[in-house]
Amino acid sequence: MFESLTNKFNDVFRKMSGRGRINEANVRESMQEVRTALLEADVHYDVVRKFCDDIVEIALGTEVIESLRPGELMIKIVHDEMVKLMGPADGQIYYVKPGPTVIMMAGLQGSGKTTTCGKLAKFMQKGDRRVLLTACDLQRPAAVDQLEIVAGQVGAEFFKTEGETNPVKVARKAVTHARSTGVDVVVIDTAGRLHVDEEMMKQAEDIAKATNPHQIFLVCDAMTGQDAVNSAREFNERLELDGVILSKFDSDARGGAALSVKAVTGKPIKFMGVGETFDALEEFHPDRMAGRILGMGDVVSLVEKAQETFDVEEQEKMQAKMAKGEFTLTDFLKQMRQMTKMGPLKSIMKMMPGMGGQNEMLDSIKGDEVGRMEAIINSMTKAERNEPGMIDIHRRRRIARGSGTKPEDVSGLVKSFTQMANMMKQMAGMGVRERMAFAKQMASPGGMGAMASGGMGKVKGSTKMGKVNKRKLKQKNKRKKRRR
Amino acid sequence: MSLFSRAIQKISTGLSRTRQRFLGGLGSLLTGRKVDAELLDELEATLIQADLGVHSAVKICDDLRAAAKDGRIAKGEEVIDFLKNELKTYWPESDRSISYAESGPTVILVAGINGAGKTTSIAKLAYQFHSEGKRVLLAACDTFRAAAQEQLTIWANRIGCEIITGSEKADPAAVAFDAVSAAKARDVDVLLIDTAGRLHTQDHLMRELTKIRDVVRKQLPAAPHEVLLVLDATTGQNAINQAKAFLAAIEATGIFLAKLDGSAKGGIVVAIRNEVNLPVKFIGLGEGYDDVEPFDPETFVEALFA
């Protein structure tokens, strides 16, 4: 998507070159692709229209045509405006003193309120706060049990009133209870409700009136389509939301709902849920989100994730091994394991620029590859791992049997390992500059290499990327010096 | 008897509400107007806002444009019938029905992403079969989410059907295995298998689903006879990816479109039909176990513009 956007922009401006000034019709034509991209990312129709109009105006005021790369500049304008619209970043929870801080959760059925309550509790407990969860969903069967179990899992306190059928009363009692026991935060989980259900919306208002929450969060499924604006608007009008939490963000949804919801409510998007575990709650980053909606990938997240996961010392050891050509299958397995710690291969690939729209290609990446490789390598003897060359047809058969794979899989793995080891040896022998050139050559046009080379140097995300690269280069330089 | 009259009442009020909204929405959009570029633009906007996606919306509007050009339609009022006819061909009668086992239990595997509405939808189907006089067995294979099995058990008690559960964090495939054995032994008519919600991007969880299907199939070669993907009607374009993934993992046979009682139109099923050819079988319209209807393309088209 990102690539096709850039190409489209460049096409339109190429046609114009030599014909003098940029005019509204030209820019509008080039915006057609942006419109489709946004709609396909589920940004609401009206929001898209307004957004595109604004972009046209901004683009007319800038010297887009003067720029060497008008396409990139247009993308930058679109990206920056989107960041502005979705920002500013505000991942804060505001606590009151004296406590307890009352937080109310609301949302449609199945948006992920109860799971988010657990995640939020875990997040807030980091500051040594005592968190109490209370279940005001008396609608859905076993919803109270669910929250009780969740509270137990994250180590939060839990409050329920046996036999009470009125959620407003439960909420009020919970706050009173919280006050008397001195907890710092009380989180009120409410039943999922449709924004068109008058009775249930009234009930939500009543819960809010009875408990006076300091903050009310709307939990919104990142996969929501055009209707996101309708529900968010209604919830905001009834409850005066303080923020939005996007759930299920670990899916491959482009998440245009984020833009829609922010545009109609004006309320900040605070967090996003990014996994099944309770610590999978992250601050919302408008710039990364903009990149994702435009299919530009999320390099910053990728690099951060990599830095979190990879052990620097370990990496240096590996580098040295590679340089000497001593990289074995055991090391290879270690590397693969570290890779998978970052998440499923597919979701890592998705964060790479230019990969966002390549659904078919992403589909072809099988998540079980790594598991299979691991099984194969584990079925080898130590000698075989150090010297894969010794694996003949008999050994191959034995390894395949041991790992539940086919002999072809074993030889496939050995072959790609040998190729990789050779490539690494080559790269390790190069100077920094050569290595950069080599890496760039490896990356597809417009891919990671092109981004880092400064095609869009002014976009926030890639500036950070630039810094990270520099830091990495410095490390590599140091390492080189040490070797000398 | 009282249940019966309640159902009739529900349907008629539901329909009249649809009708009113329909006349209010599309009526004012189409009545007394020529089918021209302006009207087609507005229609395209309406379709996109109903989550049909750019591609499907443009395709339908192109068809309309062509029809207007060679005189098949001229007046705004004719647009709706044209659309009804067009969309009816998307969902022929045949693929809206349930395929039952020739003999022995009919097994229906139900899957979907987190929060789509699987458990409630299963309760609705169970109630439907139960009230047709069939013997129904539920299998609670969501051993992952807290209190998911309790949730289904409560439904089973309310409806009055049998249920098989497993211990917490048990292998869902093992629970499915037990359920199929029980279904065969107890001679039940329909076995409904509930599974944990999973994002279609989680490969290991999708493989777990394939395993459940394989375990079922091993015990009963023609099973599962239906594999339903529960889809939240508020879902946007990502539903296409969901449909693709569940089709690949367990060969889904149809969609249960849940939560259609909100303001979302569920137009994504048109795009899904276009791209992956998966039909819609049922729609869910509320939180009660009787809030279910077979999918009807005509009402669906009317509701798109309501």
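Across the interface of chain A and chain B in this predicted model, the rule finds 1 salt bridge. The partners are B:E44 and A:R35, whose closest N and O atoms are 3.5 Å apart. Polar contacts add to the picture, with a count of 16 residue pairs between chain A and chain B, both residues of each pair at pLDDT 80 or more. On the side of chain A that touches chain B, helix 2 (24–40), helix 3 (45–61) and helix 6 (143–154) each supply at least two residues. The largest share of that side, 5 residues, comes from helix 6 of chain A.

Turning to the extent of this interface, 40 residues of chain A are in contact with 41 residues of chain B. About 3400 Å² is buried between the two chains, and 54% of this area is on carbon and sulfur atoms. Within chain A, the residues that lose the most area to chain B are A:P141, A:M223 and A:E276, which together account for 17% of what that side buries.

Chain B itself is worth a brief look. Its secondary structure comes to 11 helices and 8 strands. Of the 306 residues in chain B, 58% are buried. When contacts between residues at least 6 apart in sequence are considered in chain B, 77% of them join residues at least 24 apart.

Back in chain A, helix 7 offers a helpful example of how a helix is placed in the fold. This helix spans residues 167–181, 15 residues in total, and reaches 21 Å from its first C-alpha to its last, close to the 21 Å expected at 1.5 Å a residue. Its buried residues are A:P167, A:V168, A:V170, A:A171, A:A174, A:V175 and A:A178. Viewed down the axis of helix 7 of chain A, these buried residues fall within an arc of 165 degrees, so they line one face of the helix. The spacing along the sequence can be read with the geometry of the α-helix in mind: with 3.6 residues a turn, residues three or four places apart point the same way.

The surroundings of helix 7 fit into this description. Its buried residues pack against four strands of chain A, namely strand 1 (101–107), strand 2 (131–136), strand 3 (157–159) and strand 4 (185–190), and also against helix 8 (198–211). The face turned away from the buried side carries the exposed residues A:R179 and A:S180. At the start of helix 7 of chain A, a side-chain oxygen of A:N166 reaches to within 3.0 Å of the backbone nitrogen of A:V168. After the helix comes A:G182, whose phi is positive, near 75 degrees.

Two further residues of chain A deserve a closer view. A:R238 is found in helix 9 (residues 228–239), and its side chain is joined to that of A:E198 by a polar contact of 2.6 Å. Beyond its neighbours within four places in sequence, A:R238 is in contact with A:E198, A:M201, A:K202 and A:E205.

The second residue, A:S247, lies in strand 6 (residues 243–247) of chain A. With a relative accessible area of 5%, A:S247 is buried, the cut-off for this class being under 20%. A polar atom of the A:S247 side chain lies 2.5 Å from the backbone oxygen of A:S111. Not counting residues up to four places away in sequence, A:S247 touches A:S111, A:V219, A:C220, A:D221, A:A222 and A:G273.

How values were computed. Residues are numbered from 1 along each chain as its sequence is written. Chains are lettered from A and ligands numbered from 1 in the order in which they are written. This is a predicted model: local features need pLDDT of at least 70, side-chain atom pairs count only at pLDDT 80 or more; totals for chains, interfaces and linings use all residues. Side-chain values use heavy atoms; hydrogens and water are left out. The expected span of a helix is 1.5 Å times one less than its number of residues. Buried means under 20% relative accessible area, exposed over 50%, partly exposed in between (1.4 Å probe, protein chains only). The arc is that of the directions from the helix axis to the C-beta atoms. Contact means heavy atoms within 4.5 Å. A polar contact is a pair of N or O atoms within 3.5 Å; within protein, one must be able to donate a hydrogen and the other to accept it, and residues adjacent in sequence count only if both atoms are side-chain atoms. Buried area is the accessible area (1.4 Å probe) that two parts lose on being put together, summed over both. A salt bridge is a side-chain nitrogen of Lys or Arg within 4 Å of a carboxyl oxygen of Asp or Glu.
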